[in-house]
Amino acid sequence: MNLLFLGTGAGMPGKLRNVTSVSLKMLEERKAIWLFDCGEATQHQILHTSLKPGKIEKIFITHLHGDHIYGLPGFLGSRSFQGGNTELTVYGPKGIREFIEVSLKVSETHLQYPLIIKEIDEGIIFEDHQFIVESKLLDHAVLSFGYRIVEKDKIGTLDAIKLQKEGISPGPIYAKLKNGEVVELEDGRILNGSDYVGPDQKGKVITILGDTRSCDNAIKLAKDADILVHEATFSEDSEEMAYNYFHSTTKQAATIAKEANVKLLCLTHISSRYGKEDSEKLLEEAKNVFSNSIIAYDFLEVPI
Ligand SMILES: [Zn+2]
Ligand SMILES: [Zn+2]
């Protein structure tokens with residue numbers, strides 16, 4: 001899996017950073033891409049990447065501020081034109097349905113694929129055989145959610161070399177052993193699946209938060225995550241401003257990362273008051289608290 005940042009700025013688009021959107025590429029795992037937020041011109045950003053809109057299976061909206069949703073109607077319409085015909089589900093706070101339905105109705109946009117809109121609350125909002133997505137409320141001027149995406153552990157690999165050495169050829173027996181079953185062969189030998197399957201492979205945990213002040217739910221969502229994507233709208237010297245505007249500073253984001261014991265912190269949602277030359281200073285502020293920090297920029301791709 002990879003995270004590919006499409007927009008890493010706060011509030012309004014700048015020349016350096018577009019407004020917020022980040023994609024979670026799961027092409028190997030489920031031949032799909034999930035999108036988190038869809039700020040204005042996200043579809044323009046996608047044009048500069050290898051992302052195929054038809055492969056975008058789910059869009060998770062953190063909150064209804066314009067810099068996180070104004071790109072949605074355009075993206076949804078274009079996905080139809082570009083041949084996207086597979087189902088798409090949008091998750092978001094109450095109000096997301098009205099926003100999408102009114103935009104599509106007024107502009108007479110008719111989608112060529114099934115669109116499902118789910119207005120969410122706190123809790124498990126999605127689960128299948130591979131992933132669980134949990135949401136919790138953060139501390140922002142409007143309802144803002146954070147998402148914890150948990151990949152379920154994968155069964156270890158079958159040791160085919162060991163089996164072949166013991167004269168057992170591939171076939172239905174392999175599947176049974178992989179399931180951990182005990183199998184009796186025709187020659188009377190008894191094989192136990194657990195002797196031939198490696199340990200479970202631990203699934204990854206990805207935490208992506210909406211705009212927020214520093215808050216306890218951020219720590220809960222990020223507990224032991226492989227990667228935490230946390231907003232850092234302001235520099236550490238603007239703590240009061242961050243508080244007044246319901247945002248976080250670099251240092252506050254890093255403190256959350258440290259308390260949650262994440263493996264990697266990725267700062268995003270950077271105010272346009274900071275230029276390219278400020279990035280290093282902002283990153284330094286975070287690193288002083290949590291050394292395994294990086295600062296996102298548009299089109300940064302991070303392997304998980
Ligand atoms: Zn924002
Ligand atoms: Zn906001």
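This passage describes the zinc sites, aromatic pairs, nonpolar cores and one helix of a predicted model.

The zinc ion (ligand 1) has four protein donors, namely Asp67 (OD), His68 (NE2), Asp211 (OD) and His269 (NE2), which lie 2.1 to 2.2 Å from the metal. Along the chain these donor residues follow the spacing D-H-x142-D-x57-H. The angles subtended by the four donor atoms run from 91 to 169 degrees, and the arrangement is therefore irregular. The upper end of this range, 169 degrees, lies outside the window of 85 to 135 degrees required of a tetrahedral site. For reference, the ideal angle for four tetrahedral donors is 109.5 degrees.

The zinc ion (ligand 2) is coordinated by His63 (NE2), His65 (ND1), His140 (NE2) and Asp211 (OD), at 2.2 to 2.4 Å. The sequence spacing of its donor residues is H-x1-H-x74-H-x70-D. This site is likewise classed as irregular, with angles of 88 to 167 degrees among the four donor atoms. Asp211 appears in both donor sets and bridges the zinc ion (ligand 1) and the zinc ion (ligand 2), which are 3.5 Å apart.

The donors come from separated stretches of the chain. His68 belongs to helix α3 (residues 66-69), whereas Asp211 is located in the loop between β12 and α8, so that the pair links parts 143 residues apart. Both side chains belong to buried residues: the relative accessible area is 1% for His68 and 3% for Asp211. Among the donors of the zinc ion (ligand 2), His63 counts as buried because its relative accessibility is 0%. His65, in contrast, has a relative accessibility of 27% and is therefore partly exposed, given that burial requires a value under 20%.

Seven aromatic pairs were found in a search of the whole structure. Phe36 and Phe60 form a stacked pair, with a centre-to-centre distance of 4.9 Å and an angle of 10 degrees between the planes. Because Phe36 is placed in strand β3 (residues 32-36) and Phe60 in strand β4 (residues 56-60), this contact ties together parts that are 24 residues apart in sequence. Phe36 is buried, at a relative accessible area of 1%, and Phe60 is buried at 0%. Phe60 also pairs with Tyr91; the ring centres are 4.7 Å apart and the planes meet at 5 degrees, so this pair too is stacked. Here the link runs from strand β4 to strand β5 (residues 88-92), which holds Tyr91, over a separation of 31 residues. Tyr91 is itself buried, with 1% relative accessibility. Through ring pairs, Trp34, Phe36, Phe60, Tyr91, Phe126, Phe131 and Tyr147 are joined into a cluster.

Two arginine residues place their charge over an aromatic ring. The charged end of Arg79 sits over the ring of Tyr113, at 4.4 Å from the ring centre. For Arg213, the charged end sits over the ring of Tyr243, and the distance to the centre is 3.7 Å.

In soluble globular proteins, nonpolar side chains tend to be buried together. In the present model the largest nonpolar core comprises 28 residues, and Leu228, Val262, Leu265, Leu267 and Ile270 have the most contacts inside it. Two or more residues of this core are supplied by each of β12 (205-209), α8 (216-222), α10 (250-260), β14 (265-268) and α11 (279-287). The largest share, five residues, is contributed by α10. Leu228 touches Thr207, Leu209, Ala222, Ile256, Ala257, Val262, Leu264, Leu265 and Cys266, when residues up to four places away in sequence are not counted. Apart from this core lies another, of 27 residues, which includes Leu3, Trp34, Ile206 and Ala296. Trp34 is also a member of the aromatic cluster.

Helix α10 was examined further. Its buried residues are Thr250, Gln252, Ala253, Ala254, Ile256, Ala257 and Ala260. Two of these, Ile256 and Ala257, are touched by Leu228. The elements that cover the buried residues of α10 include α8, β13 (227-231), α9 (239-244), β14 and α11. Just after the helix, Asn261 adopts a positive phi of about 60 degrees.

Methods: Residues numbered from 1 in each chain as written. Chains lettered and ligands numbered in written order. Predicted model: local features only at pLDDT ≥ 70, side-chain atom pairs only at ≥ 80, totals over all residues. Heavy atoms only, no water. Donors = N, O, S within 2.8 Å, 3.2 Å for Na, K, Ca; no water. Tetrahedral: all angles 85-135°; square planar, octahedral: opposite > 155°, others 65-115°. Buried < 20%, exposed > 50% of the residue type's maximum accessible area, 1.4 Å probe, protein only. Phe/Tyr/Trp six-rings, centres within 6.5 Å; stacked < 30°, edge-to-face > 60°. Helix = DSSP H or I, 4+ residues; strand = E, 2+ residues; numbered from the N terminus. Lys NZ or Arg CZ within 6 Å of the ring centre and 35° of its normal. Core = buried A, V, L, I, M, F, W, Y, C linked by side-chain atoms within 4.5 Å. Contact = heavy atoms within 4.5 Å.
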